[in-house]
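Here is a walk through one protein model. Keep the coordinates open and follow each stop in turn.

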Amino acid sequence: MTATKFVLLFASLFLTACDPTGGSGVNGTLAPGVSSENGVDGLLVGHRLMEAGEYELALKAYLRAATEQGMTIDVLSALGSVNLRLGRLGQSEKLLRQAVKKDPTFVPAWNNLGVVLMETGQTGEASRVFQTAYALDSGESDSIRKNLRLALEKIDNTTYAEEDVSNYELVRRGSSSYLLLATPREN
């Protein structure tokens with residue numbers, strides 16, 4: 001973590017802790033991202049750390065949220081997403097499968113599960129997962145459409161004689177979804 005990011009994170013946590021109302025705002029209402037028990041919502045902190053590229057710290061924040069809130073759909077999806085970014089594909093797949101089982105309509109979990117499946121070479125299942133995400137999203141998300149298109153193209157272009165000349169790069173879209181982009185391999 002860079003010194004600037006650490007200072008900003010510490011300052012935001014310090015200012016919340018120094019709020020004379022205890023973070024409860026005006027008339028006892030809580031400010032966004034503030035929980036009544038511990039001061040700061042672990043999910044919100046984790047999302048901000050993910051945006052800053054601090055994945056290990058985001059994992060710790062999401063684990064704290066899990067202890068405070070339980071394994072909600074949001075916590076499962078967040079843990080799956082951060083494990084995906086950390087390259088822990090097995091853990092990510094397990095968590096995202098739990099998330100879609102818990103809430104079969106949660107689009108970000110379906111999309112991220114598809115990304116994991118693509119990364120692990122399970123292209124056929126990934127295309128079915130992206131189709132589910134796309135249908136649940138009513139075709140609204142460009143990133144899901146692109147992920148589905150890439151999966152279908154990979155299935156259509158499967159050849160056994162040629163070497164795969166593409167790498168895949170994950171690009172963050174929104175708070176908990178990713179876009180899988182093909183990039184040419186360097187020799």
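The tour below covers confidence, helix packing and salt bridges.

Start with confidence. The model is predicted. Mean pLDDT for the protein chain is 78. Of the residues, 63% reach 70 or more. Where is confidence lowest, and where is it highest? Helix α1, residues 3-17, sits at the bottom with a mean of 41. Helix α5 sits at the top with 97. The weak region also runs past α1: pLDDT stays under 50 over residues 6-36. For that stretch the model has 28 contacts beyond four places in sequence. Keep those low values in mind when viewing that part of the chain.

Now turn to how helices pack. Two packed helices are described by the angle and the distance between their axes. Take α3 and α4 to begin with. Their axes come within 10 Å and cross at roughly 160°. An angle over 145 degrees counts as roughly antiparallel, and therefore α3 is roughly antiparallel to α4. The crossing of this pair is left-handed. Which residues make the contact between α3 and α4? From α3 come Y55, A58, L59, Y62, L63, A65, A66 and Q69. From α4 come V75, A78, L79, V82, N83 and R85.

Helix α4 has another partner, α6, which spans residues 107-119. Again the axes come within 10 Å, but here they cross at roughly 25°. Angles under 35 degrees count as roughly parallel, so α4 is roughly parallel to α6. This crossing, too, is left-handed. On the α4 side the residues are S77, S81 and L84. They meet A109, N112, V115 and V116 of α6.

Next come the charged side chains. How many salt bridges does a search of the whole structure find? The count is six. One of them pairs E56 with R88, whose closest N and O atoms are 3.0 Å apart. E56 lies in helix α3, residues 55-69. R88 lies in the loop between α4 (73-85) and α5 (89-102). The two are 32 residues apart in sequence, so the pair ties together separate parts of the chain. Are these two side chains buried or exposed? E56 is partly exposed, at 40% relative accessibility. R88 is partly exposed as well, at 30%.

Move on to α5. Here R97 and E93 form a salt bridge, at 2.9 Å from N to O. Both residues belong to this helix. They are four residues apart, about one turn of the helix. Their accessibility falls in two classes. E93 has 15% relative accessibility; buried means under 20%, so E93 counts as buried. R97, at 31%, counts as partly exposed.

R97 also bridges to E125, with the closest N and O atoms 2.8 Å apart. This pair links distant parts of the chain. R97 is in α5, whereas E125 is in helix α7, residues 123-136. The separation is 28 residues. E125 is partly exposed, with a relative accessible area of 23%. What do the shared partners produce? They join E93, R97 and E125 into one network.

To retrace the route, look at α4 between its partners. It runs roughly antiparallel to α3 and roughly parallel to α6. Then follow R97 in α5: one bridge goes to E93, and another goes to E125 in α7.

Terms used
Residues are numbered from 1 along each chain as its sequence is written. This is a predicted model: local features need pLDDT of at least 70, side-chain atom pairs count only at pLDDT 80 or more; totals for chains, interfaces and linings use all residues. Side-chain values use heavy atoms; hydrogens and water are left out. A salt bridge is a side-chain nitrogen of Lys or Arg within 4 Å of a carboxyl oxygen of Asp or Glu. Buried means under 20% relative accessible area, exposed over 50%, partly exposed in between (1.4 Å probe, protein chains only). pLDDT is the predictor's confidence in each residue, from 0 to 100. Contact means heavy atoms within 4.5 Å. Axes are lines fitted to C-alpha atoms, for helices over the stretch in contact, and angles run from 0 to 180 degrees between N-to-C directions. Angles under 35 degrees count as roughly parallel, over 145 as roughly antiparallel, 65 to 115 as roughly perpendicular and the rest as oblique. A crossing is left-handed if the near helix is turned anticlockwise from the far one by less than a right angle, and right-handed if clockwise.
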